[in-house]
Amino acid sequence: MNLIPDFIHRRVAHRPNLLKIFDNIGWLFFDKILRIGVGLVVGVWIARYLGPEQFGQFNFAAAFVGLFGAIAGLGLQGIVVRDIVRDPACKEETLGTAAVLQFIGGLLTYGLILGTIFWLRPDDALAKTLVAILGSTMLFKASQVAIYWFESQVLSKYIVWVQNGTVLVFAAIKVVLILNNAPLTSFAWAIMAEALIVALLMLVLLGLRGPKLRQLRFTLSRSKELLADSWPLLLSGIAIMIYMKIDQIMLGQMVGDEAVGIYSAAVRISEVWYFVPMGLVASVFPTILRAREVNYQAYIGKIQLLYDGLVLFSFSVALTMSFLGEWLVHILFGSDYSASADILVVHTWTGVFVAMGVARGRWLIAENLQHFSHWYILAGMIVNIVGNYLLIPIYEGVGAGVAALFAQITATIIVPYVIRETRVSSIMLVSALHPYQWFIFVRKAHSELYRDAGTP
């Protein structure tokens, strides 16, 4: 199945590396567009069916579980992918060790989730039930190693097959639940079952298309090496999840679950396009890493080009959503969620800095500077918590949106500039905000497609 448009395929057919990148991007975009498109339609239907209060209860539980998700992942994804690319001969040991570590991390995380929700909301039986069901997905984290393997091989189409098929099946199940007036907890069970099926299928696919499962092995020495490299990313991941999810948690605790429902509707629209920078970066960065070994200046130029393109795209999306926010909320969610429009106009601008952070995160791994990331992520987390504490009592959801925006700016631009070793990344990211850099990006991207020879 060829997902590359013919006019692009003709231009890059003689360049297999670039063709592979476009093919991988095509599969990632097909995956995300289908999943997000279906997810948005079904999610909006669920939101209308449940109403702001129950939708808020559900999203509070999901955000609460997501708050702990980074702990189960242990910050291993980028490290495992990097190590497989650098040392393919040790792939069985790397994948096996990562799987065991993530299973243990998921088990400990699930216990932590249950203990915390029972402490935070001791008298809220519904919240405890929802969190217990959704939190059980942490037990399936070991299957993530299959995704790491296919990402390292730039073979995202296998991930697409599994995830899209499962999404479509469970989207239909959720529609059936709506039509049968199912209770709120039924939707939580559906999400848990979906995660379980995806985990099992990914492991089966890994055994068929990658290293055999029986060949994967765990070693204590390799676990120490992985954790030694990943712990800064683990801390950063925890901080990221806190300042990505804490707004919904604090809204629920300080205002109420209905405010969470209103805010979640805005965030669902605001974040619907985040798959674009994630997919682009995941596809092009293995090639950028290889360029670093050949010509460092060319590598820096490719990094700047990536920054320019992501900022141009994300700025355009944010500007469009700012003008169409009220119309989008009314069309998708209805009048019950009209208060979401003002939140959307503010929150959508965080996407510009999210896109920057996605690309810069891979640069940190390439330069082996990931140990600095926890400082500026920690600063962003603190800004978000303090901002929510000060602004939510006054402006409710809009205040949470403002706090999220300033937290992203702090973590992406301000604090990395203060640190000497990562200052260059902030300078490059700020320069990407200049319209002249967008012109350069368009010109270079156009000429890249029309090159007659060479490799990317």
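**Note on the predicted model: salt bridges, cavity, surface patch and backbone**

1. The K174 and E194 side chains form a salt bridge, with an N to O distance of 3.6 Å. K174 belongs to helix α8 and E194 to helix α9, so this pair ties together parts that are 20 residues apart in sequence. K174 is buried, at 15% relative accessible area. E194 is buried too, with a value of 15%. The model is a predicted one.

2. How many salt bridges does the model hold? The count is four. The K174 and E194 contact is one of the pairs that meet in this way. Further pairs follow in the next two points.

3. R121 and D124 are paired through their side chains, at 3.1 Å from N to O. Buried or exposed: where does R121 fall? R121 is buried, since its relative accessible area is 10% and the cut-off for buried is under 20%. D124 is partly exposed, at 23%. The pair is also part of something wider: R121, D124 and D257 are linked in a network of salt bridges.

4. R420 and E421 form another salt bridge, 3.2 Å from N to O. R420 is exposed, with a relative accessible area of 61%. E421 is partly exposed, at 32%. Set this beside K174, which is buried, and E194, which is buried as well.

5. Now the interior space. The model has four cavities of 30 Å³ or more. The second largest of them holds about 130 Å³. Which residues line the second largest cavity? The lining consists of G78, V81, R82, V85, E151, A282, F285, P286, L289, R362, I365 and A366.

6. Three helices each give at least two residues to the lining of the second largest cavity: α4 (77-86), α12 (275-294) and α15 (350-366). By class, this lining has eight nonpolar residues, one polar residue and three charged residues. Glycine is classed as polar and Arg and Glu as charged. G78, R82, E151 and R362 are among the lining residues.

7. On the surface there is a nonpolar patch. Its members are M254, V255, W375, L378, I382, V386, Y389 and L390. Together they have about 770 Å² of accessible area. Which helix gives the most to the nonpolar patch? Helix α16 (residues 373-395) does, with six residues.

8. I382 is a patch member that sits in helix α16. I382 is partly exposed, with a relative accessible area of 43%. That value clears the patch cut-off, because patches are made of residues with over 30% relative accessible area and no salt bridge.

9. Two backbone angles deserve a look. Most residues other than glycine have a negative phi. N181 is not a glycine, yet has a positive phi of about 55 degrees. N181 lies in the loop between α8 (156-179) and α9 (184-209). N181 is exposed, at 60% relative accessible area. The helices on either side of this loop, α8 and α9, are those that carry K174 and E194, respectively.

10. E396 is the other case here. E396 has a positive phi of about 50 degrees, although it is not a glycine. Where is E396? E396 is placed in the loop between α16 and α17 (397-418). E396 is partly exposed, with a relative accessible area of 41%. Helix α16 is also the helix that gives the most to the nonpolar patch.

11. Next, a contact distant in sequence. Y337 and G51 are 286 residues apart in sequence, but their C-alpha atoms are 8.7 Å apart in space. Y337 lies in the loop between α13 (296-333) and α14 (340-347). Buried or exposed: which is Y337? Y337 is buried, with a relative accessible area of 1%.

12. L200 and F140 make another pair. They are 60 residues apart along the chain, and 8.6 Å separates their C-alpha atoms. L200 lies in helix α9, and E194 is in helix α9 as well. L200 is partly exposed, at 48%. By contrast, E194 is buried, at 15%.

How values were computed: Residues numbered from 1 in each chain as written. Predicted model: local features only at pLDDT ≥ 70, side-chain atom pairs only at ≥ 80, totals over all residues. Heavy atoms only, no water. 1 Å grid on protein atoms, 1.4 Å probe; cavity = no way out; pocket = protein on both sides within 12 Å on 5 of 7 lines; lining within 4 Å. Points joined across faces, edges and corners; volume = space filled by probe spheres on them. Helix = DSSP H or I, 4+ residues; strand = E, 2+ residues; numbered from the N terminus. Patch = residues over 30% accessible without salt bridge, like charges linked within 9 Å, V, L, I, M, F, W, Y side chains within 5 Å. Areas by Shrake-Rupley, 256 points an atom, 1.4 Å probe, with all protein chains shown as cover. Buried < 20%, exposed > 50% of the residue type's maximum accessible area, 1.4 Å probe, protein only.
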